[in-house]
Amino acid sequence: MGSVEIGCHSCEQEARFGGLPSRERVAFDAWWRVAHAFDSALPGWLVLVPRRHVVSVAELTDDEAGALGTWQVALARALREVTGCAKTYVAQFAEREGFAHVHFHIVPRPPDLAAELRGPRAFAMLGRPEGERVPAEHMDALADALRAALGTAPGGPTISGRPA
């Protein structure tokens with residue numbers, strides 16, 4: 001999809017695309033890949049990542065930008081169906097070392113999430129220690145359920161209708 005930026009987590013994952021587990025390839029098209037956040041304690045925390053190295057939203061191509069809203073809404077709907085979330089938060093910062101590649105957090109807010117973890121405080125559920133994270137097998141199962149809710153299959157039709 002483009003050059004791999006050394007030290008960029010998203011680019012390094014993209015370079016391994018064909019060998020990624022289900023949780024790293026929830027869904028994709030020619031411009032975007034959806035992954036389950038690897039260090040989250042909240043099941044269903046997704047990350048929507050451009051498939052080429054981009055460090056600013058202003059750098060998105062018209063095609064990437066055109067597909068962005070479709071992805072965000074489709075993922076919110078799939079998360080509601082699969083997780084029963086009351087809301088879905090969407091955030092983009094891309095400031096952490098190794099994670100400057102533009103990415104959008106698509107965060108399901110469960111109906112019973114404690115008040116102190118709602119809104120931007122939900123980020124306390126990210127970067128959790130290994131023992132608190134959603135287990136890999138649960139992320140893979142969620143990825144499979146989300147893919148079914150999206151109506152996509154690995155290598156099959158995609159959200160934007162564009163080939164991968």
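Mentor: Helices are DSSP runs of H or I with at least four residues, strands are DSSP runs of E with at least two, and both are numbered from the N terminus. This is a predicted model, in which local features need pLDDT of at least 70 and side-chain atom pairs count only at pLDDT 80 or more, while totals for chains, interfaces and linings use all residues. Residues are numbered from 1 along each chain as its sequence is written, and side-chain values use heavy atoms, with hydrogens and water left out.

Trainee: In what order do the elements of the protein run from the N terminus on?

Mentor: The secondary structure comes to three helices and five strands. Read from the N terminus on, these elements run α-β-β-β-α-β-β-α.

Trainee: Which strands stand at the edges of the sheet?

Mentor: Two strands pair if DSSP finds at least two bridges between them. With antiparallel pairing, the five strands form an open sheet in the order 1-2-3-5-4. An edge strand has one side without a neighbour in the sheet because it has a single partner strand, and this holds for strand 1 (27-28) and strand 4 (87-91).

Trainee: And helix 2 packs on that sheet, but what angle does its direction make with that of strand 5?

Mentor: Helix 2 (residues 62-83) touches strand 1, strand 2 (32-36), strand 3, strand 4 and strand 5, where contact means heavy atoms within 4.5 Å. Axes are lines fitted to C-alpha atoms, for helices over the stretch in contact, and angles run from 0 to 180 degrees between N-to-C directions. Between helix 2 and strand 5 the angle is about 20°.

Trainee: Which residue of strand 4 stands opposite Ile 106?

Mentor: Strand 5 has a partner strand on either hand to consider: three bridges join strand 3 (residues 46-50) to strand 5 (residues 104-109), and five join strand 4 to strand 5. From strand 3, the bridge partner of Ile 106 is Leu 46. From strand 4, the residue opposite Ile 106 is Val 90.

Trainee: How many of the residues of strand 5 are buried?

Mentor: Buried means under 20% relative accessible area, exposed over 50% and partly exposed in between, with a 1.4 Å probe and protein chains only. Phe 104, Ile 106 and Pro 108 point one way from strand 5, His 105, Val 107 and Arg 109 the other way, and all are buried. For strand 5 the count is therefore six of six.

Trainee: Which residue forms a salt bridge with Glu 14?

Mentor: A salt bridge is a side-chain nitrogen of Lys or Arg within 4 Å of a carboxyl oxygen of Asp or Glu, and the whole structure has eight. The bridge of Glu 14 has its closest N and O atoms 2.8 Å apart. Glu 14 lies in helix 1 (residues 9-15) and its partner in the loop between strand 3 and helix 2, so the pair ties together parts that are 37 residues apart in sequence. Both residues are buried, and the partner is Arg 51.

Trainee: Is Arg 52, the salt-bridge partner of Glu 64, buried or partly exposed?

Mentor: The closest N and O atoms of Glu 64 and Arg 52 are 2.7 Å apart. Glu 64 lies in helix 2 and Arg 52 in the loop between strand 3 and helix 2, so the bridge ties together parts twelve residues apart in sequence. Glu 64 is buried at 2% relative accessible area, whereas Arg 52, at 26%, is partly exposed.

Trainee: How much space lies in the largest pocket?

Mentor: On a 1 Å grid over the protein atoms alone, a pocket is an open set of points where a 1.4 Å probe fits, with protein on both sides within 12 Å along at least five of seven lines; lining residues have an atom within 4 Å of a point. The largest pocket is lined by 21 residues, with Phe 38, Val 47, Phe 99, His 103 and His 105 nearest its centre, and helix 1, strand 2 and strand 3 each supply at least two residues of the lining. Grid points are joined across faces, edges and corners, and a volume is the space filled by probe spheres set on the points. The space comes to about 330 Å³.

Trainee: What distance separates the C-alpha atoms of Pro 111 and Ala 86?

Mentor: Pro 111 lies in the loop between strand 5 and helix 3. Leaving aside neighbours within four places in sequence, Pro 111 is in contact with Gly 84, Cys 85, Ala 86 and Arg 118. Pro 111 and Ala 86 are 25 residues apart along the chain, yet their C-alpha separation is 5.1 Å.
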